[in-house]
Amino acid sequence: MSDPVLAVERLNISFHTRRGVLRAVRDLSFHVERGETLAIVGESGCGKSITALSLLGLVPEPGRVEGDAVRLEGRNLLALPEAKLRRLRGARIAMIFQEPMTALNPVLTVGEQIMEAILEHEKVSRAAARDRALALLERVRIPDAKRRFSDYPHRLSGGMRQRVVIAMALALSPAVLVADEPTTALDVTIQAQILELIDELKRENGTAVVLITHDLGVVAEHSDRVLVMYAGRKVEARATADLFARPLHPYTRGLIAARPQPGGGRARLAEIPGTVPSLFAMPAGCAFAPRCAVAEPACGVAVPPLMPAEDGAVACIRAGEIHVPEPAREALRA
Ligand SMILES: Nc1ncnc2c1ncn2[C@@H]1O[C@H](COP(=O)(O)OP(=O)(O)OP(=O)(O)O)[C@@H](O)[C@H]1O
Ligand SMILES: [Mg+2]
């Protein structure tokens with residue numbers, strides 16, 4: 001197997017605040033292969049977005065990023081000076097966000113902004129950049145791309161804007177595309193089209209995709225592997241099909257069981273009781289133990305290590321046991 005395009009090794013992200021040190025991400029390791037989509041899931045605040053930002057060196061102040069490596073095509077981004085990082089950003093790793101307007105400049109036409117992205121990184125003529133920008137707008141299937149080229153972003157619908165952002169992200173054929181809730185702000189049919197577009201680009205260009213979403217239906221359909229985070233830590237990472245067929249961590253089981261069933265609202269609600277602990281007051285052992293139906297005294301003593309499991313990993317001392325809590329078992333049968 002070739003080296004992964006992206007390899008994160010023991011990443012730690014903390015915020016030094018007046019209330020103390022908030023450790024948002026702890027000892028996080030994962031990798032993404034060429035042409036693969038890794039989904040990152042977990043409840044709000046578990047560290048998905050801040051992890052995504054760290055991959056581009058964009059963690060805001062007062063955030064502190066430490067760790068062994070964030071290796072992009074072999075280069076450790078954590079050891080690179082900002083100027084070098086800036087050159088890789090956009091060119092080798094690109095990001096799309098939930099709200100396309102955050103990535104678009106309101107005073108440039110959509111064509112001009114794609115041109116600018118190209119001209120910033122490559123020594124090509126304006127005419128060549130213009131041709132490429134137009135081809136990209138066609139590539140992401142903006143209808144009537146020639147005319148749209150000269151439109152300002154506010155003239156476009158949300159779905160069309162997100163297509164422009166994707167075109168911009170792809171302008172330099174990055175090795176990795178990070179998408180943080182890329183379709184949450186869009187309506188359902190447009191959502192599906194955008195996700196299909198990302199899938200297609202992955203297939204055709206071999207782009208590695210990191211997809212962050214709350215929607216487990218999207219995860220099931222559009223990812224190859226899943227990384228489950230809880231309170232800043234990786235608790236399970238598996239192939240997508242295996243994870244849905246046999247979730248091992250009680251938290252993953254809870255997430256899947258709480259997933260709304262197609263057509264049935266939140267059928268057989270097996271919601272996880274309680275809430276994520278405050279990152280300022282983490283329990284001593286497993287952070288999920290206070291909410292876990294199968295926790296035992298040992299779970300409160302030490303953070304469970306990640307153990308190899310079915311081609312992936314899980315951090316739960318009870319994961320190997322057959323016992324599945326009743327609500328999750330019911331949901332699994334559904
Ligand atoms: N600029 C910041 N200053 C202080 N703390 C921050 C900052 N940005 C993020 N955090 C903290 O880091 C933790 C992880 O946040 P993050 O935005 O990564 O969560 P998330 O998993 O993306 O959540 P959501 O699903 O709501 O998007 C949270 O506890 C958050 O409060
Ligand atoms: Mg987020």
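**Cysteines, a covered strand and its crossover**

Let's start with a cysteine: Cys292 has a relative accessibility of 16%, so it counts as buried. This is a predicted model, and the values here are computed from it. Cys292 takes part in no disulfide, and the nearest cysteine sulfur, in Cys316, sits 6.1 Å away. A disulfide needs the two sulfur atoms within 2.5 Å, so that pair doesn't qualify. Cys46 is another buried cysteine, at 2% relative accessible area. Its closest cysteine sulfur belongs to Cys286 and is 14 Å off, which is too far for a bond. Taken over the structure, the disulfide count is 0.

Now move to strand β8, residues 176-180. How many of its residues are buried? The count is 5 of 5, so the strand is mostly covered by the under-20% cut-off for buried. You can see this on both faces: Val176, Val178 and Asp180 are buried on one side, while Leu177 and Ala179 are buried on the other.

What does β8 pair with? Strand β7, residues 93-96, runs parallel to β8, and 4 bridges link the two. Strand β9, residues 208-212, is also parallel to β8, this time with 5 bridges. Val178 is a handy residue to look for in the viewer: Met95 stands opposite Val178, and Val178 also stands opposite Val210 in β9. To get from β8 to β9 the chain passes through helix α7, residues 188-205, and this β-α-β crossover is right-handed.

Helix α7 deserves a look of its own. Does its length agree with what you'd expect from its residues, or disagree? With 18 residues at 1.5 Å each, the helix should span 26 Å, and the C-alpha atoms at its ends are 26 Å apart, so the two agree. An α-helix has 3.6 residues a turn, so residues three or four places apart point the same way. With that in mind, find the buried residues of α7, among them Gln191, Ile194, Leu195, Ile198 and Leu201. The buried set also includes Asp199, Glu200 and Lys202. After the helix comes Gly206, with a positive phi near 70 degrees.

Finally, go back along the chain to Ser44, in the loop between β3 (37-41) and α1 (48-54). Is Ser44 buried or exposed? At 61% relative accessible area, it is exposed, because the cut-off for that is over 50%. Ser44 also has a partner far along the sequence: Ala231 is 187 residues away, yet the two C-alpha atoms are 9.2 Å apart in space.

Technical notes: Residues numbered from 1 in each chain as written. Chains lettered and ligands numbered in written order. Predicted model: local features only at pLDDT ≥ 70, side-chain atom pairs only at ≥ 80, totals over all residues. Heavy atoms only, no water. Buried < 20%, exposed > 50% of the residue type's maximum accessible area, 1.4 Å probe, protein only. Pairing = 2+ DSSP bridges. Right-handed = clockwise from strand over helix to strand, strands pointing away. Expected span 1.5 Å × (residues − 1).
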